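Work through the exercises below with the sequence and the coordinates open, and try each task before reading its solution.

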Amino acid sequence: MIDSKTPDRKTIDGKTPELPNAVSSLATSNLDLEAPEKPYLDSNELVLNMGPQHPATHGVLRVILKLDGEKVMGTECVIGYLHRGVEKIAENRTYTMFNPYVDRMDYCAAVSNGLGYCEAVEKLLNVEAPPRAQYIRVILTELQRLASHQLWLGTHALDIGAMTPLFYTFRDREEILKIFEKYCGARLTTHAFRIGGCQYEIYPGFEKDVKNFLAFAPPKIDEYEALLTGNRIWLERTKNVGVISAKDAIALGVTGPVLRASGVKWDIRKAVPYENYSKFDFEIPVGANGDTYDRYLVRMEEMRQSLRIIEQAVNGIPEGPIMAKVPKLIKPAPGEIYHSIEAPKGELGYFIVSDGSTQPYRLRVRPPSFVNLQALDCMVRGALVADVVAVIGTFDIVLGEVDR
Amino acid sequence: MNALMSYLDPRVTATPGSAGNELWALIYVFVIFAGVAVIVLSMNWLERKALAHFQIRLGPMRVGPHGLLQPIADALKLMTKEDIVPADADEVVFRFAPVIGLLAAFTVYIVIPFGPSQAVTDMNIGILFMLGVSSLGVLGIVTAGWSSNSHYPLIGALRSSAQIISYEVAMGLAVVSALLMTSLNAQGTGTLSMIGIVQAQQQQHIWFVFKFFPLGFIALIIFAIAMVAETNRAPFDLPEAESELTAGFHTEYSGLRWSLFMLAEYAAMIAVSSIAVTLWLGGWMHPFPNWLNGPTWEFIFSLFPGLTFGGLALIAFIGTARMPSHPYFKIQRAGLAIFAVFLGFLALLLLAIAVAGHANDASIAARCREGVDNIYWFMLKVAVFMYLFIWYRATWPRYRFDQLMKVGWKVLLPISLGVLIVTAIVGVIFG
């Protein structure tokens, strides 16, 4: 099983798999990055290195742009600046120990990440969380979706030059984080769920807090819309920018609001229902043109739909246990499982291979941001520099998730 | 003796192209430069505070009461920072570029008429001089962007040059339509002199913004849009678009040289606002000079400067009273109280000038009163525009480059051309 030369590397049938050579993949890429003959600026084209230190790349994304004036001739994403080897860490931790690590991938939607992981392991163990735990999970996950969309909206608007929405969305996101903090003591990396249910019973007054939030949020969402939806400059900056057709989006594996804005009605909560989502009544908003404006509208509507789900869930929390019967030491039978959920950014999947021990043999994450980012090049080719920023913002990427 | 006395006469002579009186011109230059520097510092504080309150935050609160000393702290920090010149930069040009911008922004102040006798000089080509010199500022930006030898500044500089050239056309046409209005008198001769333009509005008993309504108003709107683009402010701040070009043309600048760009930007904002005020909003005149005239109204209007400062002092006093009584705030309370007393003293001084100047129409006190009035009303109108600059910045997203060009050439230019033609026709028929 273990290669003597590289003890950390997994083998397949005793052989080390061929890994793509990083240098050769760059050489065959669509950009010709050889040094120009002249040391100074060339008048024909310009290679602009956007990031990893850049205010609008949402962390440490590096985009190499080939420009003709302001026009983008090609892009190349360079990722990995935030690589922490999360998947490798999983192989050296027990199933329970690894649970907090997933919060650090998409740190803007930690609850959703935790839900996906817990469910995947539960599926592997063939257990199901009790109904009460499922309701709590749905409420917290939908609150997290709202918080994630609010953070996206603020930063996206800031990228396009509107400073003010950022502060409004952060003000309202704070209310959600307060509920998280009261529930589990943490605001961002919550570690809210456990394999088999929830560790914590809801605190007294949880329902009241959530209901207060349900009354508080809709006028705030209207407020964001008042700032942006009909704003002329906002329309000009987002309409017909970064258009991706449904066919291309499916071909590239794009998921989440980016896919739905192109007109594909694909939401895992409806398509492959997990938890108790099938019990709730909600719509899946879809766009028509697949441009940045549609993605904005889809996410705004998703916020409202999340509120609808929360409202139904908070009024129906049943009594009962919050933990299923799960052994103290989790030792799933050998086998493999793929389970995906609809995270705020798209399909978040976990592929776990168990060899019967207490630690996963291999754990692979399918992060939505990473896959969605592949569409960047086809969306910005021929556009202007300012559109690149708008399109990066519209993906709602989190580099912690892209690089893992 | 006469020659000596003439040096003490603060009036601005209308001799073409010459600084009216060397001694007073020099004094005015110092006063204006010091005044603009102070206004820029306070604008810095005001913008951060106003923007913060738009965005439900507090803004600077630590340095001095309500962050009043923040601009000074910033200035000290910038002055003590290392002045970095990138290794591959064209060093001479790189060092000189901010100075060009600053010179252009400050030179225009010599023709700004704060009052009929409160200007350094009264050029007969005043408005042309002003437009010409203020557009030299782009030279500073272009040289800064080019000499940095770096990609972001280069793109910022290119954007800036294209933008300023495009918007200057619409701006110039709007200005011409206002100049046409100055010629609607008995002699049929207009003027380019900044003081002359305000006096023309005085003679025609109308601010040009209301002349041939809505023609003057549309021209002012066009100018107001173009001047935002001209000074690279949001939503036209593409040359320094933070989310795209990190900091645009001044990416590679640090410390004092960077602060010179900021100084030039704010000085240019005040300068273009002054043009708008001079051309359309009656310059130094108080509101409704036709209806509300006579000694009583003059006296009431002359109380305004004092009352304004009195109001500010009152706000500062209330702020002092509302501060927490915790000993931690002792120094802050004292600081704000001193500031309030200072404002109150200024208010009393201005009120005293108004009362003393009211009695006699030829005394020094009367002249002081007149000067204070003129400068006050002029600066108040400018302040409205400065507030609008901050408001725009808090409200709107940024235009994309091609959309910016579209707005400049396809929207503003035709409208301003149309306004010019219609103004000319209407002027011939009704003028």
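**Exercise 1. Locate the cis peptide bonds of chain B and the loops that hold their prolines.**

Solution. This is a predicted model, and the steps below are to be read in that light. Start with Pro214(B), which is found in the loop between helix H8 (194–203) and H9 of chain B. The peptide bond that joins Phe213(B) to Pro214(B) is cis, with omega at about 5°. Go on to Pro235(B), whose place is in the loop between H9 and helix H10 (242–245) of chain B. Here the cis bond runs between Ala234(B) and Pro235(B), and omega is about 0°.

**Exercise 2. Decide whether His205(B) and Asp396(A), each with a positive phi, are buried or exposed.**

Solution. His205(B) is not a glycine, yet its phi is positive at about 55°, and the residue sits in the loop between H8 and H9 of chain B. Counting neighbours gives 9 other C-beta atoms within 10 Å, and because exposure is assigned at 12 or fewer, His205(B) is exposed. Asp396(A), also a residue other than glycine, has a phi near 60° and lies in the loop between H15 and helix H16 (399–403) of chain A. Its count is 28 other C-beta atoms within 10 Å, and since 20 or more are needed for burial, Asp396(A) is buried.

**Exercise 3. Describe the course of helix H7 of chain A and what covers its buried residues.**

Solution. Helix H7 of chain A spans residues 206–228, and its 23 residues reach 32 Å from the first C-alpha to the last, close to the 33 Å expected at 1.5 Å a residue. Next, look for a bend: a kink of about 25° lies at Ala217(A), shortly before the proline Pro218(A). Ala217(A) is also one of the buried residues of this helix, together with Val210(A), Ile221(A), Tyr224(A) and Leu228(A). The cover over these buried residues includes H5, H6, H8 and helix H12 (292–314) of chain A.

**Exercise 4. Characterise the side of chain A that touches chain B.**

Solution. Begin with the contacts, in which 26 residues of chain A meet 23 residues of chain B. The elements of chain A that supply two or more residues to this side are strand E1 (46–50), helix H5 (131–160), helix H6 (164–184), helix H8 (232–238) and helix H15 (385–395). Sorted by class, the residues on this side of chain A comprise 17 nonpolar, four polar and five charged.

**Exercise 5. Set out how the two domains of chain B meet.**

Solution. The domain assignment places 20–294 and 381–430 of chain B in domain 1, and 295–380 in domain 2. The C-alpha centres of these domains are 27 Å apart. Across the boundary, 18 residues of domain 1 are in contact with 17 residues of domain 2. Helix H14 (residues 364–395) of chain B gives the most to the domain 1 side, with three residues. That side has nine nonpolar, eight polar and one charged residues.

**Exercise 6. Report the confidence of the model, and where it is lowest among the elements of chain B.**

Solution. For the model, ipTM is 0.81 and pTM is 0.84. Chain B has a mean pLDDT of 83, with 93% of its residues reaching 70 or more. Among the elements of chain B, helix H1 (residues 2–8) has the lowest mean pLDDT, 52, whereas helix H9 (residues 215–230) has the highest, 90. Over residues 14–20 of chain B the pLDDT is below 50, and this stretch has 14 contacts in the model beyond near neighbours in sequence.

Note on methods:
Residues are numbered from 1 along each chain as its sequence is written. Chains are lettered from A and ligands numbered from 1 in the order in which they are written. This is a predicted model: local features need pLDDT of at least 70, side-chain atom pairs count only at pLDDT 80 or more; totals for chains, interfaces and linings use all residues. Two residues are in contact if their C-beta atoms, placed from the backbone, lie within 7 Å. Helices (H or I, at least four residues) and strands (E, at least two) are DSSP runs, numbered from the N terminus. Ala, Val, Leu, Ile, Met, Phe, Trp, Tyr, Cys and Pro count as nonpolar, Asp, Glu, Lys and Arg as charged, and the others, Gly among them, as polar. Domain bounds come from an automatic or database domain assignment. The expected span of a helix is 1.5 Å times one less than its number of residues. The bend at a residue is the angle between axes fitted to the seven residues ending there and the seven starting there. pLDDT is the predictor's confidence in each residue, from 0 to 100.
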